[in-house]
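Hi,

Here is the structure I promised to pass on. Have a look at it first, and my notes on what turned up are underneath.

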Amino acid sequence: MTKQELKQKVIQAIDSLADQIIKTGDFLYAHPELGYKEYAGTAYTAQLLENAGFVVEQNIAVTGVRAKIREKKQGPTLAVLGELDAIICREHPDCAADTGAIHACGHHIQVAVMTGVALAFQKISGFQYLGGNLVFMAVPAEEFVEMEFRTDLKKKGLLTYFGGKQEMVAKGLFDDIDISLMVHALNLPDGKKVLTAPSGNGFIGKKIKFTGQESHAGSAPEEGINALNAAMLAINNIHAQRETFSDQDRVRVHPIITKGGDMVNVVPADVRMECYVRARTIESLTQANLKVDRAIRAGAMAVGAGVEIEDMPGYLPLLNAPALDKLFQENVRFFCGEEGISQGYDFTGSFDFGDISHLMPCLHPFTGGVQGSLHSKNFAITDNDTAYILPTKAVAMTIIDLLWEDAKQAQDIISNFKPAMDKPQYLNWLKKTEKNTFLDLGET
Ligand SMILES: [Zn+2]
Ligand SMILES: [Zn+2]
């Protein structure tokens with residue numbers, strides 16, 4: 001068996017599994033679940049992988065699946081990931097009537113691709129020709145949402161971090177992984193089927209509570225301290241920072257007021273905001289966050305209000321491993337030619353895979369076959385072959401390259417890779433980013 005013959009076999013196996021792969025995507029699409037609630041998706045994926053003969057663990061981080069082959073071999077371990085969670089978009093025609101949940105970020109495609117790769121290798125007994133090990137993971141909660149629900153899970157001791165991959169790293173579920181691979185869906189320009197080597201912002205999540213003094217808004221506003229004015233000043237102070245953010249840092253700050261007061265004739269004494277601070281590097285993120293904190297405190301100070309700022313570690317910037325992108329590109333070129341590939345894209349959004357990319361070589365290309373923006377009512381699959389089958393084949397072929405001849409290429413990539421952080425440094429980043437700061441009522 002040559003490497004080329006094995007690739008040919010795996011392509012044929014994926015063609016014969018195409019209906020199953022699409023069926024998996026359809027099932028998840030019909031059962032959209034938000035982060036840490038993906039029980040139907042977890043059970044379905046676990047059953048599929050168990051039936052195929054993998055050793056499967058379920059609900060690894062509240063929800064989620066981790067599957068491995070029966071016999072552990074020498075050499076590095078590659079993980080193929082698929083994210084389980086949906087988003088809420090009540091405007092989407094296919095959203096769940098009760099929750100508004102919908103797979104408008106295309107994560108259902110990822111899980112279908114991940115199981116497709118697993119089933120294809122199992123079908124051709126492909127592992128016998130390869131060195132190293134493969135782990136398949138359906139991971140929970142990529143979207144950083146529903147803070148109150150996750151805070152409850154945390155209080156119950158079921159969760160330490162809001163992001164699925166943060167939680168999995170903390171739980172040790174990446175301890176034995178040397179390289180991670182996944183593919184995300186994206187509406188690509190005409191003629192393009194693949195986008196490789198994207199970069200993405202990191203972010204810190206913030207919950208802010210302004211405390212004022214209530215009083216009659218008509219007859220005695222002079223006796224009150226207006227927490228809404230504090231919040232509005234804070235937002236304007238944040239705007240005044242924007243010219244100080246340099247273009248290459250790609251800073252994005254987007255606060256919202258989630259509670260603006262209680263009654264119109266009472267001076268607001270309890271006003272809440274949520275905010276993300278995003279930037280391209282950890283350093284620029286830290287600096288931008290300090291400015292945002294200063295702006296918020298100044299808003300409170302101006303009117304004599306109190307403020308509590310709760311910072312939560314969001315996600316780290318997305319880093320690339322060029323050697324992995326190159327391999328993926330070489331394989332995908334076989335299906336869509338050089339003209340079908342676009343290289344490098346500057347995302348100012350964030351991915352929790354960014355955290356993993358600080359710890360090990362990671363592959364996170366995007367593939368097309370979908371229309372509409374991510375998270376919008378127009379998001380839909382337009383071409384099953386490009387959405388599902390192309391990434392399944394390209395990932396499987398990349399795995400063959402990596403693990404062929406006692407996993408030589410994987411070993412080379414690992415030994416030439418300098419992680420931005422090791423696990424203790426990463427856990428320390430999470431810990432030190434999670435903090436509450438206070439300014440008391442009337443404090444200056
Ligand atoms: Zn998303
Ligand atoms: Zn996504």
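Before the notes, one cut-off: a residue counts as buried under 20% relative accessible area and as exposed over 50%, with partly exposed in between. By that rule F27, at 22% relative accessibility, is partly exposed, whereas Y44, at 18%, is buried. Please also bear in mind that this is a predicted model, and every value below is computed from it.

**The two zinc ions**

I'd start with the metals. The zinc ion (ligand 1) takes its protein donors from C105 (SG), E143 (OE) and H375 (NE2), at distances of 2.1 to 2.3 Å. Along the chain those donors are spaced C-x37-E-x231-H. C105 is in the loop between β5 (101-102) and α4, and E143 is in the loop between β6 and α5 (147-155), so to speak two distant parts of the chain linked across 38 residues. C105 is buried at 6% relative accessibility, and E143 is buried too, with 8%.

H375 comes from the loop between β18 (370-371) and β19 (380-381). With 39% relative accessibility, H375 counts as partly exposed. Its backbone deserves a glance as well: H375 has a positive phi of about 70° even though it is not a glycine.

For the zinc ion (ligand 2), the protein donors are C105 (SG), H107 (NE2) and H184 (NE2), which lie 2.1 to 2.4 Å from the metal. Here the spacing in sequence reads C-x1-H-x76-H. H107 belongs to helix α4 (residues 107-123) and H184 to strand β8 (residues 184-185), so this pair ties together parts that are 77 residues apart in sequence. H107 and H184 are both buried.

And which residue bridges the two metals? That is C105, which coordinates both zinc ions, and they lie 3.2 Å apart.

Helix α4 also holds H108, which is buried at 2% relative accessibility. Apart from its neighbours within four places in sequence, H108 is in contact with G25, L28, Y29, H103, F379, I381 and Y388.

**Aromatic rings**

Searching the whole structure gave 15 aromatic pairs. One of them is F27 with Y44: the ring centres are 4.0 Å apart and the planes are at 10°, so the pair is stacked. F27 sits in helix α2 (residues 18-30) and Y44 in helix α3 (residues 39-51), so to say distant parts of the chain, 17 residues apart, are linked by this pair.

There is also one aromatic cluster made up of F144, F162, F203, Y276 and Y315. The charged end of R278 sits over the ring of F203, 5.5 Å from its centre. Elsewhere on the list of charge-and-ring pairs, K37 lies over the face of F149, at 4.4 Å from the ring centre.

**Two domains**

The protein chain divides into domain 1 (3-200 + 318-427) and domain 2 (202-315). Their centres, taken over C-alpha atoms, are 36 Å apart. The contact involves 23 residues from domain 1 and 14 residues from domain 2. Between them the domains bury about 1400 Å², with 53% of that on carbon and sulfur atoms. Which three residues supply more than any other three of the area that domain 1 buries against domain 2? They are F144, T348 and S350, which together supply 40% of it. F144 is also a member of the aromatic cluster above.

**Two loop residues**

R250 has a phi near 50°, a positive value in a residue other than glycine. You'll find R250 in the loop between α7 (227-239) and β11 (252-253), partly exposed with a relative accessible area of 24%.

S125 is in the loop between α4 and β6 (133-139) and counts as partly exposed at 38% relative accessibility. S125 and I102 are 23 residues apart in sequence and 35 Å apart in space, C-alpha to C-alpha.

If you open just one part of the model, make it the zinc ions with C105 between them, as C105 coordinates both.

Cheers

Technical notes: Residues numbered from 1 in each chain as written. Chains lettered and ligands numbered in written order. Predicted model: local features only at pLDDT ≥ 70, side-chain atom pairs only at ≥ 80, totals over all residues. Heavy atoms only, no water. Donors = N, O, S within 2.8 Å, 3.2 Å for Na, K, Ca; no water. Helix = DSSP H or I, 4+ residues; strand = E, 2+ residues; numbered from the N terminus. Buried < 20%, exposed > 50% of the residue type's maximum accessible area, 1.4 Å probe, protein only. Phe/Tyr/Trp six-rings, centres within 6.5 Å; stacked < 30°, edge-to-face > 60°. Lys NZ or Arg CZ within 6 Å of the ring centre and 35° of its normal. Domains from an automatic or database assignment. Contact = heavy atoms within 4.5 Å. Buried area = accessible area lost by both parts, 1.4 Å probe.
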